[in-house]
Amino acid sequence: MSWWHAVLVLLAGVWAGAINAVVGSGTLVTFPVLVALGYPPLTATTSNAIGLAPGTVSGAIGYRHELTGQGRRIVRYCVPSFLGAIGGTILLLSLPPDAFEKIVPVLVGFAVVLVVIQPWVSKWVNRRRENRSDVKAHGGPLLLFLIFLVGIYGGYFTAAQGVLLMAFMGMLLTDSLQRLNGIKNVLAAVVNIVAGTVYAFVAPISWPVVGLLAVGSTLGGQLGAKIGRRLPPTVLRGVIVLVGVAAIVQLLLR
């Protein structure tokens, strides 16, 4: 790896860590960078899962004030996230590499669409939350099932799992979006750690990439938790969409 490749991967890790702490979808920054640098999509995905895990933990720590008093609920949510992540990794490792390479552009496109529609989803969620008095404190079995499905998706392909979590929790819980964002960071960390641990033993990994992403995303997670909410959401969203579209083009031309 040349020095400028290393710098690029490190900076992508910082940006991804900050984005993950605020809205999710940081993978749509690092994944295209790795693919553009010549890494196979499978290696880029597995290295991402491990390298960005410290950043998701860092982001969760940055939201520790919003997580106060939510311990029991978070433990309950971590179980389906854990099981879903295992299912996602099994799915990824069971399919042949060429099948994964064919479906990746679809997954990236799906993630980009989620990022684009996120403002409208948030407005719809807020309207639903205004006139509800029958919401269960933990969201009920439906939310646990949806978190499990997101865990499968995140274990298979990590991009935009945070957007999905925020949408589902926002629809089924009445907490403030900041408190939900804290939970989202914890659950994303669980999925990345579980998937990354499995990949570390049985999947192709670029450890130099993992190290650079880990350092960058850890720093980015703290920055995102502290100042990310001051950045214009449209700027973050615009960057994510542009990078995601570039990734789709890159993958289709390979």
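**Close-up views of Trp 4, Asn 48 and Gly 182**

**View 1. Trp 4 is partly exposed, at 47% relative accessibility.** The term partly exposed covers values between buried, under 20% relative accessible area, and exposed, over 50% (1.4 Å probe, protein chains only). The model is predicted: local features need pLDDT of at least 70, side-chain atom pairs count only at pLDDT 80 or more, and totals for chains, interfaces and linings use all residues. Residues are numbered from 1 along each chain as its sequence is written, and side-chain values use heavy atoms, with hydrogens and water left out. Trp 4 belongs to helix H1, residues 3–22; helices are DSSP runs (H or I) of at least four residues, numbered from the N terminus. Together with Trp 3, Val 7, Leu 8 and Leu 11, Trp 4 makes a nonpolar surface patch of about 570 Å² (nonpolar side chains joined within 5 Å, from residues with over 30% relative accessible area and no salt bridge, that is, no side-chain nitrogen of Lys or Arg within 4 Å of a carboxyl oxygen of Asp or Glu; areas by the Shrake-Rupley method with a 1.4 Å probe).

**View 2. Asn 48 is a buried residue of helix H3.** The helix spans residues 41–51, and the relative accessible area of Asn 48 is 0%. Beyond its neighbours within four places in sequence, Asn 48 is in contact with Thr 27, Thr 30, Phe 31, Leu 34 and Leu 213 (contact: heavy atoms within 4.5 Å).

**View 3. Gly 182 lies in helix H10.** Helix H10 comprises residues 177–202. Gly 182 is buried, with a relative accessible area of 0%. Outside its neighbours within four places in sequence, Gly 182 is in contact with Tyr 63 and Leu 67. Gly 59 is 123 residues from Gly 182 in sequence, and their C-alpha atoms are 8.1 Å apart in space.

Definitions and conventions:
Helices (H or I, at least four residues) and strands (E, at least two) are DSSP runs, numbered from the N terminus. Patches are made of residues with over 30% relative accessible area and no salt bridge: like charges are joined within 9 Å, nonpolar side chains (Val, Leu, Ile, Met, Phe, Trp, Tyr) within 5 Å.
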